[in-house]
Amino acid sequence: MSLPQPPTITKQSVKDYIVDPRDNIFIDCEAKGNPVPTFSWTRNGKFFNVAKDPKVSMQRRSGTLVIDFRGGGRPEDYEGEYQCFARNEYGTALSSKILLQVSRSPLWPKEHLDLVEIDEGSPLTLKCNPPPGLPPPVVFWMSSSMEPIHQDKRVSQGQNGDLYFSNVLLQDAQTDYSCNARFHFTHTIQQKNPYTLKIQTTRGVMETTPSFMYPYGTSSNQIVLRGVDLLLECIASGVPAPDIMWHKKGGELPTDKTKLENFNKALRITNVSEEDSGEYFCLASNKMGSIRHTISVRVKAAPYWLDEPQNLILAPAEDGRLVCRANGNPKPTIQWLVNGEPIESAPPNPSREVAGDTIVFRDTQIGSSAVYQCNASNEHGYLLANAFVSVLDVPPRILSPRNQLIKVIQYNRTRLDCPFFGSPIPTLRWFKNGQGSALDGENYQRHENGSLEINMARKEDQGIYTCVATNILGKAENQVRLEIKDSTRIVRGPEDLTVKRGSLVRLDCRIKHDSTLKLTVTWLKDDTPLYIGNRMKKEDDGLIIYGVAEKDQGDYTCVASTELDKDSAKAFLTVLAVVSAPTNRMTALPKERPERPRDLELTDLAERSVRLTWIPGDDNNSPITDYVVQFEEDKFQPGLWHNHSRYPGSVNSAVLRLSPYVNYQFRVIAVNEVGSSLPSPPSERYHTLGASPEINPTGVQGAGTQKNNMEITWTPLNATQAYGPNLRYIVKWRQRDTRESWSNETVRTTRHVVWNTPIYVPYDIKVQAENDFGRAPEPDVIIGYSGEDLPSVPRYFRIRQPNLETITLEWGHPEHPNGILTGYNLRYQAFNGTKTGRTLVETFSPNQTRFTLQRTDPISRYRFFLRARTQVGDGESIVEESPAPLNEAYTKNHVDIATQGWFIGLMCAIALLVLILLIVCFIKRSRGGKYPVREKVEVLDHEDHKVDDPSFDYSDEDNKEPPGSHTSLDGTIKQESDDSLVDYGEGGEGQFNEDGSFIGQYTVKKDKEETEGNESSEATSPVNAIYSLA
């Protein structure tokens, strides 16, 4: 999930940072954010130009400063106060101010010490005054021959390093006294010139009442800061040496955090709080009297958090607040900054209101994201906290893998996880088997992180649980399937047996378990795995031993286990020897286990070895064959004994090989043919010296748990492999086959998660062990992979239909698998027009890219949905349809001609032409009918006379025109047409028109044609065709 995020400081150096001048300087500053932050530094309040100094650089993808002195230079030149700034477009985060100081171990000033002359019985103080180192050196007193000075209640070293004698004795002059200072970083010891004492003896040492050597007087004041240790000290002189007792006025000393040191001369109270203020007094007394000194203790406090501001994610128009509450003595002042600048000088923000230790946001808007800093300070120190305000508009998202399966044993507690995210913060509800109401009740417990806890899983709790996250932008859901399994129980286990040697033995182990879980049955003998030899037979419900021998005697344990639980049962098998009648008529003595060894002693102590010696116990009539040496250490697995080595029964001393930095304790077990003895009492402890680790962790793996991360895990070193204190692991990684440098992180756990990784890319991984003594050898490189995601669509998807019975599908692997392909899902359904069939599903292996479908009918088409799958889930579908059948293609291409535009236009043109012809005919008809009958007869007579005229073409009925033509009134020959004027008249007989004129002659030919029959078909005339339709 990639969301905008302002920077957050994830790692920084301590505020008071003292470095070794012999090493390069690393000032840590790391931050996360999206986009990835950029870094800059200030030194003593001014911008520090890293690029300007060739000795200074910043680590890649980090703000960590590296000051390299391999080419020379003075570390002291870089002392000062540093502060780191991490920026991106959504804000700026600040580190604390880091005071960098270089360690110093100055030489002891040269001085000449005179002989110290003093009377016997008098008090004496030898001053140390060590040179002021950084950090201060550790002081101790020795003689010039490097022998420690014996200290007791009479002679002791004070907290200031001085050596105090309550009274001097004559024996104190037998040695000299030299103060030594050990400096932390250089591990060097400097020695002061020794004091030499000369004791003046008297006839008798006078006894004296106590008197305080430190502190002086009867009272003093002391200020201590909250959370640190309070150390009160009273050193008194007197003869005899006084005893010191401590009291608190008006109350008791806090016993749970009080400790007396330095022969009761010092009182230490750890982790001081305000209630430890008050008056304490020390009482110094001997038989001559007592004195008291009162120390008034006041507890001040550097600022400490009451409410540290937390990151705030708001949705647009949402309200929120940042709270910064701190306490201290004196009460700290609170200062707010935004993106590293005082909030008073920052650009105004109308949605923000500062009210002392609280900033209230109302009606926030996109674009107002920023990083706010709260600085709480008083005269004893300061606190700086970053908290970003990110304004996001994000619908709910479920962050866990989809469709998880959880198995749990009946009546056990279990938890269903459903991590989620959204802005505004979604509300989350759980449902079971699609119920309409949310889960609630005594058996269910819902947590703020989205988990649902079932206190006691019962059979009725089995089912599918759905978590639904909802906000105003939408909702998201995920399902978890819960299966309740029966517990594994041994209903009939083995029983203690006593058998004779050579007989057959059966040890029962009848088991009841859940049939859906794989059951594994193992047998142990004396708590170690049993080797099933030729004389033994392992059955489903027990173990058979044929021909039992004495070595078969011991504890037998049946262990029944599944992936969820296990059960065990134990019994002891005793084997009796078959005793023949002795020749001397004496009864043979019974054989028993040997008595345990005793009086263990460690000698020849060395760094990597020690000699262990023991006194054997009674063998109880069966010779001891072996000794097993076991060890226990108290750092990693206290109380757990491990086998170290095994030795013949003829020895009682052995040199044991040891590992560095282990606090060993040993014990010995004797073994004879009957069995093993009880363990011996343990030896004294022996702590070996530390060293660098010699091996690195095994089982290194890198795999993504989410699409943008990679979790690196390994098997840690055990107690005998750590070799030193503060065992840690340097985890390094870089993207494989790139030129990027190694990223690294030092952790003390067995895992590390790398975030913001590309999807499913290989990484080079190294995990190296390290302790306070150094590092293990360079580890091997392991290849891991970042997280997987949903795959892209297949590269292509082709559908062929070779015949009407089958359809062939072919596809290519996704261009971006985004992980290891686990297969393909194909959903398809038949359809015919708007009708669809039921959806069918096929799953394929990741190597299969071809599938042939047998059609159920040759008419329907098919719609296919293909998607690739990784372990994260199914990717996006690619959708294709099968080709159309032939009859459907013909129907689609055969278009009704009556609906085509060109045909409609042609018909309209013909209709218009007919209309014009009709109009012309009517006009002609009107013009030809308006003359007298007399004139018409004359015209007819005139035509009769034309018969003899050879220029006039005349045809009678026997001599008629060719088919398809006739003679017009004007003597020209025209193609035959059915459009005779008779068709436009009122009848077939001769008639008079409305003005009385005779028009019968126009019907003569029509009558004749009707009598003779029409030789031409009316279908040949498009005009008649139209009128026939009319």
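## Exercises on Asn-443 and a three-stranded sheet

**Exercise 1.** List the residues that Asn-443 touches, leaving out those up to four places away in sequence.

*Solution.* The contacts of Asn-443 are Glu-453, Ile-454, Asn-455, Met-456, Arg-458 and Asp-461. The model behind this list is a predicted one.

**Exercise 2.** Place Asn-443 in the chain and decide whether this residue is buried or exposed.

*Solution.* Step 1: Asn-443 sits in the loop that joins strand 42 (427–432) to strand 43 (444–446). Step 2: buried means under 20% relative accessible area. Step 3: the relative accessibility of Asn-443 is 15%, so Asn-443 counts as buried.

**Exercise 3.** Which atoms or groups does the side chain of Asn-443 reach in Met-456 and Asp-461?

*Solution.* Step 1: in Met-456, the partner is the backbone nitrogen, at 3.0 Å from the side chain of Asn-443. Step 2: in Asp-461, the partner is the side chain, with a polar contact at 3.3 Å. Step 3: Met-456 and Asp-461 also appear among the residues that Asn-443 touches.

**Exercise 4.** Describe the open sheet that contains strands 3, 8 and 7.

*Solution.* Step 1: the sheet has 3 strands in the order 3-8-7, and the pairing is antiparallel. Step 2: strand 3 (25–27) and strand 7 (56–58) are the edge strands, as each pairs on one side only. Step 3: on average, neighbouring strands of this sheet are turned by 20° against each other, direction ignored.

**Exercise 5.** How many bridges link strand 3 to strand 8, and which residue of strand 8 stands opposite Phe-26?

*Solution.* Step 1: strand 3 and strand 8 (residues 65–67) pair in the antiparallel sense over 3 bridges. Step 2: the residue opposite Phe-26 is Val-66 in strand 8.

Conventions:
Residues are numbered from 1 along each chain as its sequence is written. This is a predicted model: local features need pLDDT of at least 70, side-chain atom pairs count only at pLDDT 80 or more; totals for chains, interfaces and linings use all residues. Side-chain values use heavy atoms; hydrogens and water are left out. Helices (H or I, at least four residues) and strands (E, at least two) are DSSP runs, numbered from the N terminus. Buried means under 20% relative accessible area, exposed over 50%, partly exposed in between (1.4 Å probe, protein chains only). A polar contact is a pair of N or O atoms within 3.5 Å; within protein, one must be able to donate a hydrogen and the other to accept it, and residues adjacent in sequence count only if both atoms are side-chain atoms. Contact means heavy atoms within 4.5 Å. Two strands pair if DSSP finds at least two bridges between them. Axes are lines fitted to C-alpha atoms, for helices over the stretch in contact, and angles run from 0 to 180 degrees between N-to-C directions.
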